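Welcome! Here are some short exercises, each with a worked solution. Have a look at the structure, then try each task before reading on.

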Amino acid sequence: MNMTFRWFGEKDDSISLEQIRQIPGVTGVVGALYDVPVGDVWPMDKIIALKDSVEKAGLKLEVIESVNVHEDIKLGLSSRDKYIENYRQSIINLGKAGVKVICYNFMPVFDWLRNNLAYPLLDGSNALCYDHDIVKDIDPVKLVEDTAKSSNGFTLPGWEPERLSELKDTFEKYKNVNEDKLFDNLEYFLENIISACEEADVKMAIHPDDPPWPLFGLPRIVTDRKNLERLVNLVDSPYNGLTLCSGSLGANPDNNIPDLIRNFGKMGRIHFGHVRNLKFFGERKFHESSHLSLDGSFDMFEIMKAYHDIGFKGYIRPDHGRMIWAEKARPGYGLYDRALGVTYLNGLWEAIGKMTSGGE
Ligand code: DNO
């Protein structure tokens, strides 16, 4: 297991590489180029500049989150081919720079979605929160405005203004796209990029839909075991893999995260693990919590044990943290609570290893 930490780049993060370097056990950064428009080729010079800055700090850049997929690909428009060609080139360029895994998603219009980015917790900290009773009645345009207003001045990943500016128009285009059509469009995308992945030795790791159910009449397909099975079978190659996100899939209590890790891990299809805890307060209602099992609804020991049992050799990162100690950072992505998360996950990993005969 390689412990990594997401970083948004020198211009766009409140956290420095030097700080990340001092978190015990973190060996790599999960990075991205944030100034390349969705659909364009990621240029070699920019990739190398990012890699150099990460390596200068004593860290590795082997995971990218995300190379976003152009909406025309998800919609299956005829213009998709040029964007797929560009995506192939980005994969080749990233491979040349030593990148091993690309995390991406196939969610229509929105990426992850919450209705409160600073839900107050009893200990005085705050965290991201989702309440379906509120979300189901919200006007999506208002949700976008509210999200932008409460993001502490940062652009949130997945909520880049240029992606969301044509919201109404995009919704209109999705009227003809149901779940099956979205699966077909994903299949077309994967069939056309996997040869580039093989050539570049870069593994694709799709991120589950967050939350894992349809929203605003838009289909969502990366939601549960059945659909994950369908997805890995679309193209039967280890390069067509998963980011197993405990918080996204786990928002549906029918998804048993340790079982999913064992099932898809044994198939060699999990390349990246996002490990996050959350606390339910009703059906389709949850707030995120510290990583500690006691603070949330998930058994983090069982999650880490499942990774350990399958001999997981891929990348893991702590996922969203709370905002604690008066930190001002991008919601979900502060330094302190994620660093505590790393330490806790590493502690579990060490203990599980030492208690498992023959384990490391
Ligand atoms: C949210 C993240 C997602 C994730 C993308 C991957 O905090 O987990 O935005 O990066 O869905 O493409």
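**Exercise 1.** Place Thr243 in the fold, and decide whether Thr243 is buried or exposed.

*Solution.* Keep in mind that this is a predicted model.
- Step 1: Look along the chain for strand E8, which spans residues 240–245; Thr243 belongs to this strand.
- Step 2: Check the relative accessibility, which is 1% for Thr243. The cut-off for buried is under 20%, so Thr243 counts as buried.
- Step 3: Look for a partner of the side chain. A polar atom of the Thr243 side chain is 2.9 Å from the backbone oxygen of Ala205.

**Exercise 2.** Find out which residues come nearest to the ligand, and how the shell divides by class.

*Solution.*
- Step 1: Start with the 13 residues around the ligand; the nearest of them are Glu65, Ser66, Asp111, His320 and Tyr333.
- Step 2: Sort the shell by class. There are six nonpolar residues, four polar ones and three charged ones.

**Exercise 3.** Work out which polar side-chain atoms lie close to ligand oxygen atoms, taking Ser66, His320 and Arg6 in turn, with 3.5 Å as the cut-off.

*Solution.*
- Step 1: For Ser66, a polar side-chain atom is 2.6 Å from a ligand oxygen.
- Step 2: In Arg6, an N or O atom of the side chain lies 3.3 Å from an oxygen atom of the ligand.
- Step 3: His320 has a polar side-chain atom 2.6 Å from an oxygen of the ligand.
- Step 4: Now consider the cover. On its own the ligand has 330 Å² of accessible area, and the protein covers 99% of that.
- Step 5: Finally, locate the site: the ligand sits in the largest cavity.

How values were computed
Residues are numbered from 1 along each chain as its sequence is written. This is a predicted model: local features need pLDDT of at least 70, side-chain atom pairs count only at pLDDT 80 or more; totals for chains, interfaces and linings use all residues. Side-chain values use heavy atoms; hydrogens and water are left out. A residue is near a molecule or strand if one of its heavy atoms lies within 4 Å of it. A polar contact is a pair of N or O atoms within 3.5 Å; within protein, one must be able to donate a hydrogen and the other to accept it, and residues adjacent in sequence count only if both atoms are side-chain atoms. Accessible areas come from the Shrake-Rupley method with a 1.4 Å probe; for residues, only the protein chains shown count as cover. On a 1 Å grid over the protein atoms alone, a cavity is a set of points where a 1.4 Å probe fits but cannot get out, and a pocket is an open set with protein on both sides within 12 Å along at least five of seven lines; lining residues have an atom within 4 Å of a point. A molecule sits in a cavity or pocket if more than half of its atoms lie within 2 Å of its grid points. Ala, Val, Leu, Ile, Met, Phe, Trp, Tyr, Cys and Pro count as nonpolar, Asp, Glu, Lys and Arg as charged, and the others, Gly among them, as polar. Helices (H or I, at least four residues) and strands (E, at least two) are DSSP runs, numbered from the N terminus. Buried means under 20% relative accessible area, exposed over 50%, partly exposed in between (1.4 Å probe, protein chains only).
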